[in-house]
Amino acid sequence: MLACTGAASGVEVAVDLYDNDVFGTHAAVSVRTPDDEYVRGGETGAGLFRKGRIKREFALDSETSGTAQTVMVSGAYVRSGPPKRVHEVYDEPFGQVVTKGWNYPLEADVTVRTMGRQVKLTCGEAFAYKLTTWRPASTAE
């Protein structure tokens, strides 16, 4: 998960990227100018993050003018601290679910190129998970 924002020359950018091999890959990208706002949100193809690199192009639609813009999100990420152990147990309608694994904090350096401008982004807390999830066998008779 990565959430970043930035501004340059009257262009404001926000990027939220989430890549999950079980629950899907989602991207929310917005570019705001004094005259218009371009957005893109929802599921996207997998592969937002790969071997420490981020590089993905998105087409954004205008909120007002009906035009479109292209955004290239690129950069790099590295682990930025010790991993944290994850162990969660919760109930769902069809039984208990257990999740175990690790949460890895990340530091990212991300830039967006759009509308002839390059915008350096500042990213908040970023992280990656390596988890195993299962349903334990029921002991109820």
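**Figure 1. Lys120 is partly exposed, with a relative accessible area of 47%.** This close-up, like every one that follows, comes from a predicted model. Who does Lys120 form a salt bridge with? Its partner is Asp109, and the closest N and O atoms of the two are 2.0 Å apart. Asp109 belongs to strand 9 (residues 95–114) and Lys120 to strand 10, so the bridge ties together parts of the chain that sit 11 residues apart in sequence. Asp109 has 44% relative accessibility, so it counts as partly exposed. If you go looking for salt bridges elsewhere, the structure holds 3 of them.

**Figure 2. Glu92 and Arg135 join their side chains in a salt bridge.** Here the N to O distance is 2.8 Å. The partners come from distant parts of the chain, 43 residues apart: find Glu92 in strand 8 (residues 84–92), then look for Arg135 in the segment after strand 11 (126–134). Are these two residues buried or partly exposed? Glu92 comes out at 33% relative accessibility, so it counts as partly exposed. Arg135 is partly exposed too, with a relative accessible area of 45%.

**Figure 3. A salt bridge brings together the side chains of Arg32 and Glu37.** The distance to look for, N to O, is 3.3 Å. Arg32 has a relative accessibility of 43%, which puts it in the partly exposed class. Glu37 is also partly exposed, and its relative accessible area is 22%. The cut-off for buried is under 20%, so Glu37 at 22% doesn't make it into that class.

**Figure 4. Cys4 and Cys123 form a disulfide.** How many disulfides does a search of the whole structure find? Just 1, and in this view you can see its two sulfur atoms, which are 2.0 Å apart. Now try looking along the S-S bond: the torsion about it is about 95 degrees, so the disulfide is right-handed. Cys4 lies in strand 1 (residues 2–8) and Cys123 in strand 10 (residues 117–123), so the link ties together parts that are 119 residues apart in sequence. As for Cys4, its relative accessibility is 3%, so it counts as buried.

**Figure 5. A search of the whole structure turns up 2 aromatic pairs.** One of them is Phe49 with Tyr77, an edge-to-face pair whose rings sit 5.7 Å apart centre to centre, with 90 degrees between the planes. This pair links distant parts of the chain, with Phe49 in strand 5 (residues 49–50), Tyr77 in strand 7 (residues 68–79), and the two positions 28 residues apart. Phe49, at 22% relative accessibility, counts as partly exposed, whereas Tyr77 is buried at 18% relative accessible area. The other pair is Phe127 with Tyr129: edge-to-face again, 5.2 Å centre to centre and 70 degrees between the planes. Phe127 is partly exposed, with a relative accessible area of 23%. Tyr129 is partly exposed as well, at 45%.

**Figure 6. Arg79 lies over the face of Tyr104.** Which part of Tyr104 should you use as your reference point? Use the ring centre, with Arg79 at 3.9 Å from it.

**Figure 7. The largest pocket has a volume of about 950 Å³.** Which parts of the chain line the pocket? Strand 2 (11–20), strand 7, strand 8, strand 9 and strand 11 each give two or more residues to its lining. The lining is made up of 25 residues, and those nearest the pocket's centre are Asp19, Asn20, Asp21, Tyr129 and Lys130. Strand 11 provides the largest share of the lining, with 6 residues. You've already met Tyr129 as the ring partner of Phe127.

**Figure 8. Lys51 and Met115 have a positive phi, though neither is a glycine.** For Lys51 the angle is about 50 degrees. Where is Lys51? Look in the loop between strand 5 and strand 6 (53–62). With 74% relative accessibility, Lys51 counts as exposed. Met115 has a positive phi of about 50 degrees too, and you'll find this residue in the loop between strand 9 and strand 10. Its relative accessibility is 26%, so Met115 counts as partly exposed.

How values were computed:
Residues are numbered from 1 along each chain as its sequence is written. This is a predicted model: local features need pLDDT of at least 70, side-chain atom pairs count only at pLDDT 80 or more; totals for chains, interfaces and linings use all residues. Side-chain values use heavy atoms; hydrogens and water are left out. A disulfide is a pair of cysteine sulfur atoms within 2.5 Å. Helices (H or I, at least four residues) and strands (E, at least two) are DSSP runs, numbered from the N terminus. Buried means under 20% relative accessible area, exposed over 50%, partly exposed in between (1.4 Å probe, protein chains only). A salt bridge is a side-chain nitrogen of Lys or Arg within 4 Å of a carboxyl oxygen of Asp or Glu. Rings of Phe, Tyr and Trp (its six-membered ring) pair if their centres lie within 6.5 Å; planes under 30 degrees apart count as stacked, over 60 as edge-to-face and the rest as tilted. A charge sits over a ring if NZ of Lys or CZ of Arg is within 6 Å of the ring centre and within 35 degrees of the ring normal. On a 1 Å grid over the protein atoms alone, a cavity is a set of points where a 1.4 Å probe fits but cannot get out, and a pocket is an open set with protein on both sides within 12 Å along at least five of seven lines; lining residues have an atom within 4 Å of a point. Grid points are joined across faces, edges and corners, and a volume is the space filled by probe spheres set on the points.
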